[in-house]
Amino acid sequence: EDASKPLRLSRSVIAEVMSRREALLISDLSSSEEYSQAQSLVGQNICSIMCAPLIAHDEIYGILQAEANLASHSFAGEDLNVLVGIAVQAALFLRNSKLLNDIALETSRRSQLQRYFSPTVAQQVMNNNLQLGGEMRDGCIMFCDIVGYTVHSEDRSPADVIRELNRYFGIMVGIILTEKGTVDKFGGDAIMAVWGAPVAIEQDAKFSISAALQMQNSVVRLSEASDGVGMGIGLHYGEFVAGNIGSNERMEYTVIGEHVNIAARVESKAARDMLLVTESVVHRASDEVLLGCSFLPIPLKGVKNAAKLTSIRGIRTEDGYLLSIPAILNDQHGKITFYEPTARVFKFVCRGLLVAGIGSIRLELPEEKKNTATYHVEVGEVTNSSFYSFSFVETPPLIYSMFKEGIVPMDEISWRRR
């Protein structure tokens with residue numbers, strides 16, 4: 001036979017096999033009333049033919065056909081059994097290959113989507129459940145940016161700026177997603193995130209505050225500058241419209257509304273290393289033990305009523321207090337990140353190196369009047385080149401007050417955005 005000749009299949013044979021979903025054997029084509037006149041078979045001098053569907057888990061993946069051109073080689077029942085056995089194995093192989101390919105494609109697609117969406121929104125995209133329009137939701141909205149980043153980046157090349165921002169976004173987005181938030185959008189060095197959309201989240205205020213404190217602590221090691229870079233973060237709880245905005249060709253999941261604007265205005269008041277939250281966030285987190293300072297109502301641009309804001313410096317966790325308190329310990333800029341009540345030790349993160357022994361610390365809290373007081377501390381044995389433990393020989397009054405009262409009222413605003 002000429003292997004280059006195109007193989008012609010009988011439509012009538014294929015239709016019969018596919019419709020009945022079972023194998024077909026024609027031992028002698030010339031004596032078959034139904035198929036003896038089939039031009040596609042007669043034209044190829046076929047004397048005998050058998051055909052089996054490739055079926056696995058009720059799905060047809062194709063057919064397997066064998067032909068004989070000599071009457072002496074006509075197929076019998078045992079030949080059909082062999083063909084059916086081969087067809088079963090081939091169908092299983094094709095099904096497994098398809099499943100592996102589908103898994104690989106879905107994994108790749110999900111991975112790409114989760115670069116832009118939280119896992120919940122990504123799943124909606126995967127399920128094609130996203131449609132234009134929105135719905136009313138309530139939750140916590142976060143805005144944050146690097147204070148003074150324009151000046152910070154003036155002497156850097158564009159490639160260095162992009163590299164630094166990508167590293168910054170990578171760390172911050174990881175924290176937000178881990179704490180059940182959804183990253184809404186980026187803008188320059190700013191991030192907008194939300195807790196409560198597309199699905200409601202229990203303890204949304206707790207998760208958003210925890211994320212913000214971790215973000216403040218993580219930024220310490222992002223810059224090569226001796227004093228690092230600092231973020232301002234604003235949090236507000238309220239109602240908003242959440243949904244897909246745009247066109248059928250290009251849509252974006254986002255949240256909009258008056259309370260979103262308030263969150264942005266709150267962030268604009270936050271100084272470097274400060275997490276400012278509105279009274280609604282504090283009320284929403286009433287079951288949590290919060291540490292911080294509250295202020296008299298502050299006017300916000302475009303907002304009718306002045307807002308009572310609180311600078312959050314810590315939140316109670318299962319094993320202690322998650323903190324974010326900027327300080328200089330033995331001339332090293334960093335953050336006090338945690339307090340372990342049982343051991344009565346604090347954790348400190350910085351870029352530089354510290355040695356064990358008696359040292360001094362100065363708090364760099366923008367909400368406190370300029371205070372140059374230093375306090376003696378004892379730095380523990382160094383077990384990590386970035387994270388250190390220490391205990392106060394003498395506790396700063398503001399830290400003492402926060403652990404005693406939770407939220408400490410302040411008489412006046414002692415900072416400005418810079």
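**Pairs, sheets and cores**

Trainee: Glu22 counts as partly exposed. What is the relative accessibility of Glu22?
Mentor: Keep in mind that this is a predicted model. Partly exposed lies between buried, under 20%, and exposed, over 50%. Glu22 falls in that range because its relative accessibility is 37%.

Trainee: Which residue meets the side chain of Glu22 in a salt bridge?
Mentor: General chemistry helps here: side chains of opposite charge can pair when their charged atoms come close. For Glu22, the N to O distance in the salt bridge is 2.4 Å. The partner is partly exposed, at 43% relative accessibility. The side chain that meets Glu22 belongs to Arg20.

Trainee: How far apart are the closest N and O atoms in the salt bridge of Asp273 with Arg272?
Mentor: Asp273 is buried because its relative accessible area is 9%, and the cut-off for buried is under 20%. A salt bridge needs the nitrogen within 4 Å of the carboxyl oxygen. For Asp273 and Arg272, the closest N and O atoms are apart by 3.5 Å.

Trainee: Which residue forms a salt bridge with Arg362?
Mentor: Arg362 is partly exposed, with a relative accessible area of 27%. Its partner also counts as partly exposed, at 28% relative accessibility. The N to O distance is 3.4 Å, and the partner is Glu364.

Trainee: Which residues do salt bridges that share partners join into one network?
Mentor: We have already met the salt bridge of Arg20 with Glu22. Shared partners bring Glu16 into the network as well. The network therefore consists of Glu16, Arg20 and Glu22.

Trainee: What is the order of strands in the open sheet of 3 strands?
Mentor: The edge strands, each pairing on one side only, are β1 (24-26) and β3 (59-68). β1 is joined to β2 (residues 48-56) by 3 antiparallel bridges, and Leu25 has Met50 in β2 as its bridge partner. The order is β1-β2-β3.

Trainee: At about what angle to β3 does helix α1 run?
Mentor: Helix α1 (residues 11-20) lies across β1, β2 and β3. Between one strand of this sheet and the next, the twist averages 10°. The angle of α1 to β3 is about 135°.

Trainee: Which residues make up the covered face of β16?
Mentor: Start with the neighbours of β16 (residues 375-379). It pairs with β15 (residues 357-363) in the antiparallel sense over 5 bridges, with Ile361 facing its bridge partner Tyr375. On β17 (residues 387-392), 3 antiparallel bridges join the strand to β16, and Phe390 stands opposite Val379. His376 and Glu378 form the uncovered face, and the covered one holds Tyr375, Val377 and Val379.

Trainee: Which element gives the most residues to the largest nonpolar core?
Mentor: That core has 40 residues, and those that touch the most other members include Tyr168, Trp195 and Leu275. At least two residues come from each of several elements, among them β4 (133-146), α7 (204-218) and β7 (231-246). With 8 residues, the element that gives the most is α6.

Trainee: How many residues are in the second, separate core?
Mentor: In soluble globular proteins, nonpolar side chains tend to be buried together. Here the second core includes Leu323, Ala327, Tyr388 and Met410. Its number of residues is 39.

Terms used: Residues are numbered from 1 along each chain as its sequence is written. This is a predicted model: local features need pLDDT of at least 70, side-chain atom pairs count only at pLDDT 80 or more; totals for chains, interfaces and linings use all residues. Side-chain values use heavy atoms; hydrogens and water are left out. Buried means under 20% relative accessible area, exposed over 50%, partly exposed in between (1.4 Å probe, protein chains only). Helices (H or I, at least four residues) and strands (E, at least two) are DSSP runs, numbered from the N terminus. Two strands pair if DSSP finds at least two bridges between them. A nonpolar core is a set of buried Ala, Val, Leu, Ile, Met, Phe, Trp, Tyr and Cys residues joined through side-chain atoms within 4.5 Å. Axes are lines fitted to C-alpha atoms, for helices over the stretch in contact, and angles run from 0 to 180 degrees between N-to-C directions. Contact means heavy atoms within 4.5 Å.
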